[in-house]
Amino acid sequence: MTPSPLPTQLLINRLQSSGVRLADPAAGADSRRGGAGPSDHKAITIDGMTVMVPVHTHASSDSPYFAEQPDELGRSRISRDGVEVAKMSFPRRPRFYDLSTEDGIPYSKIAVLHGRDVLATTVLQSCVRYASRTKTCQFCAIGESLAAGRTIERKTPAQLAEVARAAVDLDGVKHMVMTTGTPPGRDRGASILIESAVAVKAAVDLPIQAQCEPPDSDVWFARMKQAGVDALGMHLEAVTPEVRARIMPGKAQVSLQRYFAAFEAAVPVFGRGQVSSYILAGLGDSSAAILQTCEKLVAIGVYPFVVPFVPISGTPLQHHPAPSADFMHEILAPLAALVVRAGLRATDIKAGCGKCGACSALATYERGIAA
Ligand code: SF4
């Protein structure tokens, strides 16, 4: 008897938890290795949803899921024990990756394609919290891609503008994510995000999400908005004081109270649903604690983007298990109902991770809920 197919959102949870083995590691767009935030991923498209699945983690080499050799159009299938579980495709390698700046820097070292149509950059590839292992966010690999020569430390506004224009013209990217390591100043990176946004907006009409820690003063939110930032991400990552202190001892010095005050101040500037927070499930916070925090966020108009933690090679958490698919379902099913009820759907976000949605099955759950 052929097993009935899993609903797409449950399959995505499983693939993001177990990872996928690849018949052809070079298929599709280049995978993400290192960098800020989740990594060691590759983009695949299943049932119209483009998601990032781990392909370089320790767990993925033992995954029961296997992506077969794609055809010349990137079409493939995922199988388990030789039985097809889903048709899939790999997004094609972006054309802008073939270009370099006049001074010889490949565009792919300045910004990369995420998901299907997102241009992503880490404006400053170093972080005040990364210098010391006692302060480092344990899941982060911001220094790894720099050390491996896959990126440059500081992307200038002019470089970002040049690459953004090419990515729109050649590959039709639809929005841009600008994140940054946290510099030493009290603005926590807001000013470099502002100069970058001004330059990109002058070159091309591309919605931008900026991501940073809450700056010292709320005045930065209006300045970012005026500079052309359409949406803002301030990422809690972990939600309880114990897990924050253990997993991100440096960043935990910025209190939850400050995060929530910053959310309250940012929502009127950017609009309901245009401020978001990335939350990593699987680091020790219970599903109840995560959902409780999400309820607080939604109540003030912040989109809680909950994603499964991915253990990245080369980080202190590389052997930490990824959350199970059941744990993700326990969070994402009620969370999707919560955000839809509140009118904060991923599809209404102008730019950024919540809109892209590729690191989580949340948007796929939302898709299944009528408005
Ligand atoms: S959700 Fe964010 S980090 Fe993940 S692929 Fe999309 S833009 Fe990149």
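**Side-chain contacts, ring pairs and the ligand shell**

The side chain of Ser277 comes within 3.0 Å of the backbone nitrogen of Leu236. The model in which this contact is found is a predicted one. Ser277 belongs to strand 12, which covers residues 275–281. With a relative accessible area of 0%, Ser277 is buried, because any residue under 20% is placed in that class. When its neighbours within four places in sequence are set aside, the residues in contact with Ser277 are Met234, His235, Leu236, Phe263, Leu297, Val302, Tyr303, Pro304 and Phe305.

A second buried polar residue is treated next. Asn13 is part of helix 1, residues 8–18. Its relative accessibility is 3%, so Asn13 counts as buried. A polar contact of 2.7 Å joins the side chain of Asn13 to the side chain of Tyr365. Apart from neighbours within four places in sequence, Asn13 is in contact with Ala325, Met328, His329, Leu332, Ala361 and Tyr365. Tyr365 therefore appears both in this set of contacts and as the polar partner of Asn13.

Aromatic rings were then examined in pairs, and the count comes to five aromatic pairs. In one of them, the ring centres of Phe96 and Tyr97 are 4.9 Å apart and the ring planes stand at 90 degrees, so the pair is edge-to-face. Phe96 and Tyr97 are both buried. In another pair, Tyr303 and Phe305 have ring centres 6.5 Å apart and planes at 25 degrees; the pair is therefore stacked, because planes under 30 degrees apart are assigned to that class. Tyr303 and Phe305 are likewise buried, and both are among the residues in contact with Ser277. Ring pairs also link Tyr259, Phe260 and Phe263 into a cluster. Phe263, a member of this cluster, is one of the contacts of Ser277 as well.

Charged side chains also lie over aromatic rings. Lys296 is placed over the face of Phe260, at 4.3 Å from the ring centre. Phe260 thus has Lys296 over its face and is linked through ring pairs with Tyr259 and Phe263. Elsewhere, the charged end of Arg223 sits over the ring of Trp220, and the distance to the ring centre is 4.6 Å.

The ligand is surrounded by Met52, His114, Val177, Phe305, Cys353, Cys356, Ala358 and Cys359. Sorted by class, this shell contains seven nonpolar residues, one polar residue and no charged residues. Phe305 connects several parts of this description: the residue is in the ligand shell, its ring is stacked with that of Tyr303, and it is in contact with Ser277.

The backbone was also examined for phi angles. Most residues other than glycine have a negative phi. Arg188, which is not a glycine, has a positive phi of about 55 degrees. Arg188 is located in the loop between strand 9 (175–179) and helix 4 (190–203). With 23% relative accessibility, Arg188 counts as partly exposed. Glu237 also has a positive phi, near 65 degrees. The position of Glu237 is in the loop between strand 11 (231–233) and helix 6 (241–247). At 10% relative accessibility, Glu237 counts as buried.

Conventions:
Residues numbered from 1 in each chain as written. Predicted model: local features only at pLDDT ≥ 70, side-chain atom pairs only at ≥ 80, totals over all residues. Heavy atoms only, no water. Near = heavy atom within 4 Å. Nonpolar A, V, L, I, M, F, W, Y, C, P; charged D, E, K, R; others polar. Phe/Tyr/Trp six-rings, centres within 6.5 Å; stacked < 30°, edge-to-face > 60°. Buried < 20%, exposed > 50% of the residue type's maximum accessible area, 1.4 Å probe, protein only. Lys NZ or Arg CZ within 6 Å of the ring centre and 35° of its normal. Helix = DSSP H or I, 4+ residues; strand = E, 2+ residues; numbered from the N terminus. Polar contact = N/O pair within 3.5 Å; in protein donor to acceptor, adjacent residues only side chain to side chain. Contact = heavy atoms within 4.5 Å.
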